[in-house]
Amino acid sequence: MTPAQAQQHALNELEELGGKPVVLQEDASLPNLARIQIATAARPVHILSYSPKAAPELAYLVCFQCELAKRSLVAAPDERFNVASSADTYRQVEKLVQQMKAVPATMVGSYSRIITDGLGTQLRSMPIGIRADRDLFHAHPELRDQQRACAERSMKENVGCLHPNIRSQAPDLIFLATVAMNAAFALAWGRLWNEDAHATPYRLAGFAERGEQLLDMLDTIPKSPTHDRELVSAWAQMLAIDRLYQIGPVGL
Amino acid sequence: MMSPDDPLVFTLAWDDIAPTSLPEDARQPGGEAFRVAVIRFLQKQYEPLGGKARIIFNDADRTLTVHWAKRDGFQSVLEKAQEALSLGDRSVAISLLKALIARTPDNPTQLYNLGMVYSDDGKLELAEDLLRKAAALDPRNAHIVVAIGVVRARAGDLESAIDTLRRAVEIEPEDPFAHQNLGACLLKQGEAESAAAHFRQSLRHSPDSLPSQLGLAQSLESSGSLHEADEVYQGLIKTAGHTPVGEWAKEGRTRIAHALMRKAGSERPDVLMYCLGALERFEEMTDEQIQTLGREIAILGMRGLDINDPSQKYTLKSLPGDFSGMHLVSLMYTAFQRVAPGTDVGIDLSREYAQAVALFEAR
């Protein structure tokens, strides 16, 4: 199979599974490389948006997004879930940020919101994304170059979180959870590639063990999409952020 | 946004370096021993990966910055070993893998790779020893467990192989190789229906796998689902062509055709008449002409003759007319009985042929 065939195959599978067409659209305003919005009653198509910058790895990104969408669709409706922040979540984080006294008072609100939402998104996407990536790695060797390019780019960005400037601003609760997940992500790729380059910063900083523990959860909890919520909840608990977010049905 | 070609760069405060990463006497941030230990740690991590690493200690802000970039075309020793294997240079691969294991004996990937090489070379004890070490280090790795199952099967211990492969399926329920190998062992064990179920699982995740398609066809054939088995064999003949798998599929179709023919009745009057007609026709032909005819049908048969569908017609160069598959097989059988008796033509028409000879001689 060529990467283009794999891309078409993934789109066809998603369309067959959901019974809804997938619209592929370029979106220069996208903050990340690609995103899929699953069809709803009001929007009877799946919309897969991609940044123009994603062109060299488009086939992989389409397959990856389709894989995530398929996992959501395969799960029974009452198993589909979101990771949501509440007003109380923001209040808790704001309090922690204020205690740090590292961010100007005028920026505490917006900064707290950014790091809270960022961590929630990371918690929702990273463990499931590792699963989807592992499946793609084994099922589509033709996508491995594109997959690696994307993963390496993410890991080079993620490692910036270890910088002392970032650490000095972020509350420990948020910082430690973010970095532990980044470590798990780097270790997951290291296992697949048998190459430890991207995990090295986390080893040196002492986060590898926590990353390994998070990855072990992926081995312990069944792979089926019906267990995705359980996996995300287990990560949240291990990272001590389970009281921060509500991990519940879509639309909670 | 970063480019994939950008180097890996990270900065850590000295105080954020985990003491456990460094020897006890080198944990005082900023000291000479600390710097040497950090450099050694990074060297150990990055040296096997090749490329260029730059390590900067910033005394002013007490931080460490590392730049690391891969060298284009760099291959790790493991990659070199894997390439040697793919090129069939097994002795080079074995030397490289042994050297790697001597250096880092606790790397399950290296142990697995060498174990697989030994398994393929028939050195089963060595293979199992290495694979079990790999499994102890990485117990949730289904590929390693599958490899152990294969070694057990190759050693002739089917029960243990099946137990091991079932464990692999538990660990990785979607691994096509685990299902394929479990199916193969169950088929050998005579559990054809269970085997078919695992080959189907394997094909769900790896639909193009020829060994799984062949295994499924053989399992179906063994469990008596002959028509479905025949369909799978037909598909295999198209996709596998003249490979060994394609040839096995052709043999499978011949067996099925034979079995279906025998299922239809004890003796086939149409076959009797075809054989009798052939004996009469051969009276006017030389042995060489008969031999040519027999060979032409045999060659045609290699592409598959449908002997259960009389509406399917074939033509020959050496004999005018349209013939059904069964007619041609009867002609071929009679031809070989005439010019090379005892040749196994892949189908037993001896009873019909004997009656035809009796009728022919009684005319």
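Okay, let's start right at A180(A). If you ignore the residues within four places of it in sequence, A180(A) is in contact with F207(A), R210(A), G211(A), L214(A) and L239(A). Keep in mind throughout that this is a predicted model.

So where does A180(A) belong? It sits among the residues that touch the most other members of the largest nonpolar core, together with L61(A), C63(A), L123(A), A183(A), A184(A) and F185(A). That core has 84 residues, and the largest share, 12 of them, is contributed by helix α7 of chain A, residues 172-193. There is also another core lying apart from this one, with 77 residues, including L97(B), I144(B), A229(B) and V271(B). As a general point, nonpolar side chains in soluble globular proteins tend to be buried together.

Let me stay with chain A for a minute. We have 252 residues there, and 41% of them are buried. On the secondary structure side, chain A has 10 helices and five strands. Looking at contacts with a separation of 6 or more, 66% of those in chain A link residues 24 or more positions apart.

Three of the strands make an open sheet in chain A, in the order β1-β3-β2, and the pairing is mixed. The edges are β1, residues 22-26, and β2, residues 34-37, of chain A, each pairing on one side only. On average, and ignoring direction, neighbouring strands in this sheet are turned by 15° against each other. If you want to look at one pairing, take β2(A) with β3(A), residues 46-50: they run antiparallel and are joined by four bridges. Within that pairing, I36(A) has L48(A) in β3(A) as its bridge partner.

One more residue in chain A, for those of you who like backbone angles. K101(A) is not a glycine, yet its phi is positive, near 55°. You'll find K101(A) in the loop between α3 (87-100) and α4 (108-139) of chain A. Is K101(A) buried or exposed? K101(A) counts as exposed, because it has just 9 C-beta neighbours inside 10 Å, and the cut-off for exposed is 12 or fewer.

Right, over to chain B. Here we have 363 residues, 37% of them buried, and the count is 16 helices and five strands. For contacts with a separation of 6 or more, residues 24 or more positions apart account for 45% in chain B. On confidence, the mean pLDDT of chain B is 87, with 96% of its residues at 70 or more.

The strand I'd click on in chain B is β3(B). On one side, β3(B) pairs with β1(B), antiparallel, over six bridges, and there A13(B) has T63(B) as its bridge partner. β3(B) also pairs with β2(B), residues 52-58, again in the antiparallel sense, over seven bridges. In that second pairing, A53(B) is opposite W68(B).

Now look at the faces of β3(B). L64(B), V66(B) and W68(B) are on the covered face, while T63(B), T65(B), H67(B) and A69(B) are on the uncovered one. That fits the usual picture, since in a regular strand the side chains alternate between the two faces of the sheet.

Then there's the turn. The hairpin of β2(B) and β3(B) has four residues between the strands, and R62(B) there takes a positive phi near 50°. R62(B) is another non-glycine with that sign of phi. As for surroundings, R62(B) has 14 other C-beta atoms within 10 Å, so it comes out as partly exposed.

Last bit: how do the two chains meet? The contact takes 24 residues from chain B and 23 from chain A. On chain B's side, the elements giving two or more residues are β1 (8-13), α1 (32-46) and β3 (63-69). Which of them gives the most? That's β1(B), with five residues. By class, chain B's side of the contact has 15 nonpolar, six polar and three charged residues. And for the complex, the predictor gives an ipTM of 0.87 and a pTM of 0.62.

Definitions and conventions: Residues numbered from 1 in each chain as written. Chains lettered and ligands numbered in written order. Predicted model: local features only at pLDDT ≥ 70, side-chain atom pairs only at ≥ 80, totals over all residues. Core = buried A, V, L, I, M, F, W, Y, C linked by C-beta atoms within 7 Å. Buried ≥ 20, exposed ≤ 12 C-beta atoms within 10 Å, placed from the backbone. Contact = placed C-beta atoms within 7 Å. Nonpolar A, V, L, I, M, F, W, Y, C, P; charged D, E, K, R; others polar. Pairing = 2+ DSSP bridges. Axes fitted to C-alpha atoms, helices over the stretch in contact; angles between N-to-C directions. pLDDT = per-residue confidence, 0-100.
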